[in-house]
Amino acid sequence: GATASARSHVLDQHTMGNRTPLYDTHVAMGAKMVDFGGWDMPLNYGSQMEEHHQVRRAAGMFDVSHMTVVDVCGTHAKPYLQYLLANDVAKLDGKPGKALYSGMLNHEGGVVDDLIVYNREGHFLREGHYRLVVNCATREKDLAWMREVGQDYDVEIDERPHLAMIAVQGPEAIARVTQVLPQYAEGIEQLSLFQAYEADDWFIGRTGYTGEDGLEIVLPGEQAEALWKALAEAGVAPCGLGARDTLRLDAGMNLYGHEMDEQTSPLVANMGWTIAWIPEQRDFVGRQALTDQKAAGVQDKLVGLSMTARGVLRAGQRVRVSGSEREGVITSGSFSPTLGHSIALARVPIEVGEQCEVELRGKWVTVSVTKPAFVRNGKALI
């Protein structure tokens, strides 16, 4: 019908342009633009190191409008999401605005994507309304998979391409945002972690991808530029993808396509905590495959690596574990501005001890094995 063709027109625009509503603002502010998942995004505005430190010490902001916002509602919305997601949205019952992190799996137990789902019931929505935020690079396959699984349910799955999203992160983030948005200050200040506040067309969640406190603000695209400029004037540093990556790596947070993908089980991607096994009668996509994997015994796990010697750990480098004939691999690696040395996440054989070896330029270098999180709330954990 008319709505379907209108929606496909919006989708075409969305895919053709691949520029967020803040594109011109980034260019005007001197951002170095790069391609990211088919989007023109800012890599940095000068010093990536400085942007990283601003988030750890004060407040920085990221344009994350390339993320895909999908609203799910209808009489079967809850049972549909209970089957679609490995975590259980029943945990959100009776908690308006509450959020849950989950993997969306395939039948083989691989990760189609990782996402956040919010319970949107509240002052103007009945129960059975949810909002999902999924990754940009996986948008088309995510939507296709959600619709395929949704065929057996009475459910509406609506992408919201007109919305922009700005993440403000750091110890001073909430104070700066409430200063710029006094009309929403009361609602924001009452938020607990992993909870969202809705007012007008704005959706403000106390979530993030940096290991710091902060907010992710979903708002109409045409209002994004004014907010971005007001935040900049209030002392919030514009930050690009470079700092976003070093910050999330510091925090030991997974990046889709690196720590997990359709061939990687959440059981080997440090995502076991996101799987809700109980109630046992709840079936979900991939449950049988994960059950079989557990019974057979998981062979690999995700660990943190820390190297104080010179050189930089990078994705793709080989990892050798004593006592195992199988090799591991670094999934993400970088220099950590917070710690002052190189860190990485690596998928390695389960036998790994307190040290292992990484191949750097043809030489095997000994590195320390840690839990896969290095920094939280500005403090080193290792």
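Helices (H or I, at least four residues) and strands (E, at least two) are taken here as DSSP runs, numbered from the N terminus. The model is predicted, so local features need pLDDT of at least 70 and side-chain atom pairs count only at pLDDT 80 or more, while totals for chains, interfaces and linings use all residues. Residue numbers start from 1 along each chain as its sequence is written, and side-chain values use heavy atoms, with hydrogens and water left out.

**Arg206 and its partner**

Arg206 is placed in the loop between β11 and β12. Its side chain meets that of Asp213 in a salt bridge of 2.6 Å, N to O; a salt bridge is a side-chain nitrogen of Lys or Arg within 4 Å of a carboxyl oxygen of Asp or Glu. The two side chains are also joined by a polar contact of 2.6 Å. A polar contact is a pair of N or O atoms within 3.5 Å; within protein, one must be able to donate a hydrogen and the other to accept it, and residues adjacent in sequence count only if both atoms are side-chain atoms. Asp213 is partly exposed, with a relative accessible area of 22%, where buried means under 20%, exposed over 50%, and partly exposed in between (1.4 Å probe, protein chains only). Leaving aside neighbours within four places in sequence, the residues in contact with Arg206 include Ile174, Leu191, Phe194, Asp213 and Leu215; contact means heavy atoms within 4.5 Å.

**Other salt bridges**

The count comes to 21 salt bridges. Side chains of opposite charge can pair when their charged atoms come close. Two pairs that link distant parts of the chain are tabulated below.

| Pair | Closest N and O atoms | Separation in sequence |
|---|---|---|
| Asp93 and Lys78 | 2.6 Å | 15 residues |
| Glu357 and Arg320 | 3.1 Å | 37 residues |

Asp93 lies in the loop between α4 (77–84) and β5 (99–105), and Lys78 in helix α4. Asp93 is partly exposed at 35% relative accessible area, and Lys78 is partly exposed at 27%. Glu357 belongs to strand β18 (residues 355–360) and Arg320 to strand β15 (residues 318–320). Glu357 is partly exposed at 26% relative accessibility, as is Arg320 at 36%. Elsewhere, a network of salt bridges links Asp71, Arg120, Arg131, Arg160 and Glu198.

**The six-stranded sheet**

An open sheet of mixed pairing contains six strands in the order β10-β11-β12-β9-β3-β13; two strands pair if DSSP finds at least two bridges between them. Its edge strands, β10 (196–199) and β13 (237–238), each pair on one side only. Strand β10 runs antiparallel to β11 (residues 202–205), and four bridges join them. Within this pair, Tyr197 stands opposite Ile204 in β11. Helix α8 (residues 224–233) lies across β3 (60–63), β9 (163–169), β11, β12 (214–220) and β13, running at about 15° to β9. For such angles, axes are lines fitted to C-alpha atoms, for helices over the stretch in contact, and values run from 0 to 180 degrees between N-to-C directions.

**Nonpolar cores**

A nonpolar core is a set of buried Ala, Val, Leu, Ile, Met, Phe, Trp, Tyr and Cys residues joined through side-chain atoms within 4.5 Å. The largest has 30 residues, and Phe62, Tyr118 and Met260 are those with the most contacts inside it. At least two residues of this core come from each of β5, β6 (111–119), β9 and α9 (241–250). Apart from this core lies another, of 26 residues, among them Leu22, Ile166, Leu191 and Ile217.
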